Structures are given as structure tokens and as C-alpha cells.
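Reader: I'm new to this. Could you walk me through reading a protein model?

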Amino acid sequence: MAQDWAEERDRSPESAAAKLDSGDNDLSIGLVDLRQRLARRFFGTLWERPDWRKRWALRFRTASAVQEIADELALSVAADTDSIIDAHDLAATVLHAVLDEFAYGKELDSSIDGPATFYGITTPVTKMLDWLIRHHPRTAHHLIGEIIGVAERRLEIPRQVSADSIRTALDSALPRQARLDFLERALPAVSRGADDWRTGAFGCE
């Protein structure tokens, strides 16, 4: 019994995570790598630019100067989120997650009279789709077309059902009108033919 307990403890999430502990402020190896990359970027911005380095002198150290530096550092990260997570990799992951949601919904639908008008998408998957829409709208636009096309071919789900599923599930942090405007352009019109949707953008044909 003691051996089983020890083995179970050794295989716990905490034990597994400890194997990836960098020893630096309880950060994982991945977070240390991210911290180091950001530190190099920030150091280059703050020190290697003479026009900015002089701002560390007291007479230049004003609230507006510090705010400008903070804005520049924030921009350097926001403009390069791919260095943290690649948008296309995330899109491919969301594609398969949504297809799995649709497949499960279709399985449940087989026991219900009448065709479904939409399938539910769980909140975590929806949040990832929303993140892509807000941060990488072009990639998200391609992704939505990919979801609808693959769902039609593989799962025989009508395009409008997929479109209504996405529209119904998406509770975006975007302003309502911006979300509606984006979806109007990303989701298929009812009159579009099947050949209007091209897929394969994420290697998931």
C-alpha cells in the first residue's frame, strides 16, 4: 500500500510539474524562456537606444516619459504574439476542437426528432476562437471558413448549421457591432454554393 501511495504521488500533477521547474522563482521552463526573450527585447529598447537611455537621468524621468516607454514595451509584445503562441497553430487546434464539438452534437442529435439548427460549442473552445478573432482577425476569418467547409465534407453538417453554431456560441469581448460586422463577412451567405468554400489553410484538409 505504501508503495502504491508513493507511486501515485510520484505521478501526480504536482510531481510532473516539478520536473519542469526551472528553479527560478517557481517558474516553469517555458515561462523562464518567455521571460528571457522579453527581457532581451526590453533591454534593447531601454538601453541600446541612446535617445531612450538618457531618460534614466533624473531630469528626464517624468511621468509622460515613463508612460511613453511603457507604451512602447507593451507595443513590442502586442505586435509579436506569435513569439508566445503561433496563431496558425492555435487556429488548427481550434478547428479540430470545434469539429469534435460538432461531431458530439450530431451524435446527440441522432436521438432527437427533427434536424438541428445549431450545435453547442463549449466555453473554453469559444474563448479561443474569440481570442483569434480579436487578435488575428485574418487568421480567424480563414479558420471559420475552414470549420464550415470541413464540417460539411466530413460530418455532412449543412453550412448554415455550422454558421449558426458559431454565431450562437460566440460571446465575444468585442463591441457588439464590431462582432456582428466581422461575422457578417466571415460566415457564409445562405445563397453561396458549396464550391465557394476553400479549405486547407491550416493543413487540415
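Author: Let's take confidence, one helix, one helix pair and one odd residue in turn.

Author: This is a predicted model, where local features need pLDDT of at least 70 and side-chain atom pairs count only at pLDDT 80 or more, while totals for chains, interfaces and linings use all residues. Residues are numbered from 1 along each chain as its sequence is written, and side-chain values use heavy atoms, leaving out hydrogens and water.

Reader: What is the mean pLDDT of the protein?

Author: pLDDT is the predictor's confidence in each residue, from 0 to 100. The mean here is 80, and 78% of the residues reach 70 or more. Over residues 191-200 the pLDDT is below 50. Where pLDDT is low, don't read the predicted coordinates in detail.

Reader: How far apart are the end C-alpha atoms of helix α6?

Author: Helices here are DSSP runs (H or I, at least four residues), numbered from the N terminus. The expected span is 1.5 Å times one less than the number of residues. For the 23 residues of α6 (87-109) that should be 33 Å, and the ends are 32 Å apart, which agrees.

Reader: How do α7 and α8 cross?

Author: Two packed helices are described by the angle and the distance between their axes. The axes of α7 and α8 come within 5 Å and cross at roughly 130°. That makes α7 oblique to α8 (not under 35 degrees, over 145, or 65 to 115).

Reader: Is E156 buried or exposed?

Author: Buried means under 20% relative accessible area, exposed over 50%, and partly exposed in between (1.4 Å probe, protein chains only). E156 has 64%, so it's exposed. Most residues other than glycine have a negative phi. E156, in the loop between α8 and α9, has a positive phi of about 60°.

Terms used. Helix = DSSP H or I, 4+ residues; strand = E, 2+ residues; numbered from the N terminus. Contact = heavy atoms within 4.5 Å. Axes fitted to C-alpha atoms, helices over the stretch in contact; angles between N-to-C directions.
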